[in-house]
Protein chains: 2
Amino acid sequence: MLSFTEENYLKALVQLTVFEESYTEVGVNKLASTLEVKPATVSDMVRKLKEKLLVNYEKYGKISLTEKGRVAGMMVVRRHRLWETFLYKKLDFTWAEVHELAEDLEHIHSKKLIDRLDQFLEFPEFDPHGDAIPNADGEIIIPFRKTLSEVGKGEKCKVVAVKDNSTDFLQHVDKIGLKIRDDVTVIDRDDFDSLTTIGFNGVQIVVSLKFTDNIFVVCAQCLKAKDCNCHSL
Amino acid sequence: MLSFTEENYLKALVQLTVFEESYTEVGVNKLASTLEVKPATVSDMVRKLKEKLLVNYEKYGKISLTEKGRVAGMMVVRRHRLWETFLYKKLDFTWAEVHELAEDLEHIHSKKLIDRLDQFLEFPEFDPHGDAIPNADGEIIIPFRKTLSEVGKGEKCKVVAVKDNSTDFLQHVDKIGLKIRDDVTVIDRDDFDSLTTIGFNGVQIVVSLKFTDNIFVVCAQCLKAKDCNCHSL
DNA sequence: TTTAATTGTTAGGCTAGTCTAACTTTATTA
DNA sequence: TAATAAAGTTAGACTAGCCTAACAATTAAA
């Protein structure tokens, strides 16, 4: 049985080596800053995780997840995202609130509980932030996405997700958020000069330019994030 | 913010000094055996709880909860029983299963979460075992109850609750349980010789005599646990 | 009322997870 | 390629929560 702390290390490693930029390994310092602990602490802990066959690691080398570690970390992500979905859909929390609560709920271990929750929620594919939910085997399908900042002038796009690990951003959104309607909204790059209004999951939000890297979009017409020629036609 | 462990001490104290036999204080040994730790450990911890003004305590004396401690402990019980109700009603767990899962869930602190859950469940008065759920202020109305073993020969009674802290009993019940109908069933003391069949929350169960202290009942006619004269009329 | 049994306390030690400070290895750059 | 910067490790210390073993206080019984 993994401890609360061990699970957080594995979750952070999944975040850094699977979800983010598709690197497959990461250094001690990077992991330390992600977890908000000192590098010395990570050094110790990584040795422990290696003994448990959860990570690959050699002194002064890079850290990567073993298959066992990847699945264990993915299960934490699965639990996190399913609880977020529950809080959002059933208890009417905002997306700004769900992340923090799910940080605790994700450490409840029962497999039966989480599979029942999945069923209760009717097997959702994405969490409230638009991120894919890993299945019961720890598998996940990550769709291609581009950020709002990559959208060209005049291009119409549809918001499909926001980064769920930026509390700063999410709280900002919650504060100025205003519900307008139940489907997502198409927006225009022309509005982006300082503050801009976009829609996601029925919530009308105003974001400043510095947050445009936190918002994922696809083409409003073909729903693709790459290989889209709609604009040039 | 109280730790997982501190909360368990307070919950055990509520159990021992509020729910059970209405004693108002308890010794170090009793608390230690309830929590399955050594008396030495309790001695230390109780000093810490006293510093935090959660218990009244003098060296070699008895332990009792302060008002602050009572409310804190009651909130743990509230969370426990609301999660049990959620698991039973929404995720179709059996009452044998819910207790263990709620042992973890009860330590999620958010007040907002638990109040929303209460609302989602439509403010239930009793948990799946028939125990009253404390309100958001830590208040609880405990109805009079007698156990099955106190029922006289020929007396008709209605089952209203079972002890939720006897995993042994609950697992026994789950194994041989059989759903028959949706309301509770009236039973007769004559059947109690070795094995007997009673009904609770629509579940038909068979219990051996040694478990009759774990089952709470009221008179089937007047629904009272004491001051009932129905039988003598 | 003195002894024995029960109950509770203290001291010292263990583990997990964290820290700081000093040190070592690897990478970068002049 | 030698000096410097960055990254990583080790040693020693701290806290929470637990333990055992030895001791002290209280209660019960002879």
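This talk goes through a predicted model with chains A and B and DNA strand C, taking the DNA surface, the contact between the chains, and then the salt bridges.

First, the ground rules. Residues are numbered from 1 along each chain as its sequence is written, and chains are lettered from A and ligands numbered from 1 in the order in which they are written. Because the model is predicted, local features need pLDDT of at least 70 and side-chain atom pairs count only at pLDDT 80 or more, while totals for chains, interfaces and linings use all residues; side-chain values use heavy atoms, with hydrogens and water left out.

I start with the DNA. Around DNA strand C there are 21 residues, and those that come nearest are A:Ser3, A:Thr41, A:Lys48, B:Ser43 and B:Tyr57. A residue is near a strand if one of its heavy atoms lies within 4 Å of it. By class, this surface has ten nonpolar, six polar and five charged residues. Here Ala, Val, Leu, Ile, Met, Phe, Trp, Tyr, Cys and Pro count as nonpolar, Asp, Glu, Lys and Arg as charged, and the others, Gly among them, as polar.

Which part of the DNA faces the protein? Of the atoms of DNA strand C within 4 Å of the protein, 83% belong to sugar or phosphate, and the rest belong to bases. Three residues of chain B illustrate the phosphate side. A polar backbone atom of B:Asn29 is 2.7 Å from a phosphate oxygen of DNA strand C. For B:Tyr60, the distance from a polar backbone atom to a phosphate oxygen of the strand is 3.1 Å. For B:Val28, a backbone N or O atom lies 3.2 Å from a phosphate oxygen of DNA strand C. The elements that give two or more residues to this surface are helix H1 (4-19) and helix H3 (39-51) of chain A, with helix H2 (28-35) and helix H3 (39-51) of chain B. H3(A) gives the most, with five residues. Helices (H or I, at least four residues) and strands (E, at least two) are DSSP runs, numbered from the N terminus.

Next, the two protein chains. Each of chain A and chain B brings 18 residues to the contact, where contact means heavy atoms within 4.5 Å. Between them the chains bury about 1600 Å², with 77% of it on carbon and sulfur atoms. Buried area is the accessible area (1.4 Å probe) that two parts lose on being put together, summed over both. On the chain A side, A:Leu91, A:Ile108 and A:Arg116 supply 30% of the area buried against chain B, more than any other three residues.

How many salt bridges are there between chain A and chain B? The count is two, a salt bridge being a side-chain nitrogen of Lys or Arg within 4 Å of a carboxyl oxygen of Asp or Glu. A:Glu97 forms a salt bridge with B:Lys112, with the closest N and O atoms 2.4 Å apart. Across the interface there are also six residue pairs in polar contact, both residues at pLDDT 80 or more. A polar contact is a pair of N or O atoms within 3.5 Å; within protein, one must be able to donate a hydrogen and the other to accept it, and residues adjacent in sequence count only if both atoms are side-chain atoms.

Over all chains, the whole structure has 26 salt bridges. One of them joins the side chains of A:Lys52 and A:Glu6, at 2.8 Å from N to O. This pair links distant parts of the chain, 46 residues apart: A:Lys52 is in the loop between H3 and strand E1 (55-56) of chain A, and A:Glu6 is in helix H1 of chain A. A:Glu6 is buried at 2% relative accessibility, whereas A:Lys52 is partly exposed at 33%. Buried means under 20% relative accessible area, exposed over 50%, and partly exposed in between (1.4 Å probe, protein chains only).

In chain B, the side chains of B:Asp115 and B:Lys111 meet in a salt bridge at 3.0 Å, N to O. These two residues are separated by about one helical turn because they are four residues apart in helix H6 (residues 111-120) of chain B.

Last, B:His80, which sits in helix H4 (residues 67-89) of chain B. B:His80 counts as buried, at 4% relative accessibility. Its side chain makes a polar contact with the side chain of B:Glu84, at 2.9 Å.
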